[in-house]
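This report looks at the surroundings of one acidic residue and at the aromatic pairs of the chain. Please read it alongside the sequence and the model.

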Amino acid sequence: MAAGDSENIRYCARFSYLCLKFTLITYSTLFWLIGALVLAVGIYAEVERQKYKTLESAFLAPAIILILLGIVMFLVSFVGVLASLRDNICLLQAFMYILGICLFIELVGGVVALIFRNQTIDFLNDNIRRGIKNYYDDLDFKNIMDFVQKQFKCCGGEDFKDWSKNPYHECSAPGPLACGVPYTCCIRNKTDIMNTMCGYKMIDRERLSVQDIIYIRGCTNAVLIWFLDNYSIMAGVMLGILLPQLLLVTEGKNCTNQEVSEIKTILIAGAKVNSA
């Protein structure tokens with residue numbers, strides 16, 4: 001082999017190796033930091049929630065979901081950072097297999113949710129109704145529900161009548177909240193003075209008679225419609241998350257022990273030539 005060809009091989013091998021390593025370090029570090037942030041937010045939210053201890057099931061709390069998601073992201077990304085920095089083949093292969101499993105679960109979950117769309121919507125509505133039942137006891141859910149209802153201009157899960165599941169809002173309950181909906185369901189202009197009793201006695205009325213006073217569509221459909229209207233943005237976000245995983249898994253599987261050893265041998269030989 002000519003000296004020029006050997007130099008080109010060393011250059012290409014060095015370039016490919018460094019590009020793969022830089023991509024892996026960047027991707028792993030980014031998600032490592034995001035995982036640490038999600039974990040910190042989840043721990044903070046859980047500490048605040050424990051001051052009240054009113055939620056029936058811990059797994060209904062968004063804080064628990066954030067903690068579990070943060071732990072998974074932090075540990076998996078940490079393995080990737082450590083493997084890429086130390087050029088550890090065992091850790092690198094473990095990271096690629098874990099990443100492949102995560103990618104497979106994400107894809108299967110998305111396909112199952114699309115195939116069983118009606119069952120998925122029913123599942124979401126049932127969980128929202130369970131949250132509505134504890135609306136005034138679970139501050140995490142209350143804040144999220146208020147934000148969603150105001151942001152997406154909706155009320156309840158399936159529709160505004162879901163609020164009858166709350167013991168304070170059911171029509172047979174005593175007090176001013178009976179048969180009403182929270183003020184975040186009300187239609188109002190930004191210049192209007194906020195009236196917290198604007199949803200008074202709305203649940204037992206017909207939909208058409210209250211459509212100018214409160215939002216009558218459910219939040220599940222409102223959020224799904226928003227996703228469909230902004231499909232290009234959501235597709236970009238999904239590609240930004242899934243594509244790097246797919247590329248890293250593919251490259252990781254192609255990069256066997258023998259190939260890595262050959263690349264390192266070429267790099268060492270190149271370094272010796274350059275230093276001579």
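What is the relative accessible area of Trp226, and is the residue buried or partly exposed?

## Trp226 and Phe227

In this predicted model, Trp226 has a relative accessible area of 36%, and it counts as partly exposed because that value falls between the 20% limit for buried and the 50% limit for exposed residues. Phe227, at 35% relative accessibility, is likewise partly exposed.

## Aromatic pairs

Over the whole structure, a search finds 8 aromatic pairs. One of them joins Tyr135 and Trp163 in an edge-to-face arrangement, with 4.7 Å from centre to centre and 85° between the planes. This pair links distant parts of the chain, since Tyr135 sits in the loop between α4 (117–133) and α5 whereas Trp163 sits in the loop between α5 and α6, 28 residues apart. Both Tyr135 and Trp163 are buried. The rings of Trp226 and Phe227 also form a pair, with centres 5.5 Å apart and planes at 65°, so this pair too is edge-to-face.

Tyr135 and Trp163 belong, together with Tyr136 and Tyr168, to one aromatic cluster.

## The setting of Asp159

Asp159 lies in the loop between α5 (139–152) and α6 (207–210), and its relative accessible area of 18% makes it a buried residue. A polar atom of the Asp159 side chain is 3.1 Å from the backbone nitrogen of Lys161. Leaving aside residues up to four places away in sequence, Asp159 touches Arg207, Ile216, Arg217 and Gly218.

How values were computed: Residues are numbered from 1 along each chain as its sequence is written. This is a predicted model: local features need pLDDT of at least 70, side-chain atom pairs count only at pLDDT 80 or more; totals for chains, interfaces and linings use all residues. Side-chain values use heavy atoms; hydrogens and water are left out. Helices (H or I, at least four residues) and strands (E, at least two) are DSSP runs, numbered from the N terminus. Buried means under 20% relative accessible area, exposed over 50%, partly exposed in between (1.4 Å probe, protein chains only). A polar contact is a pair of N or O atoms within 3.5 Å; within protein, one must be able to donate a hydrogen and the other to accept it, and residues adjacent in sequence count only if both atoms are side-chain atoms. Contact means heavy atoms within 4.5 Å. Rings of Phe, Tyr and Trp (its six-membered ring) pair if their centres lie within 6.5 Å; planes under 30 degrees apart count as stacked, over 60 as edge-to-face and the rest as tilted.
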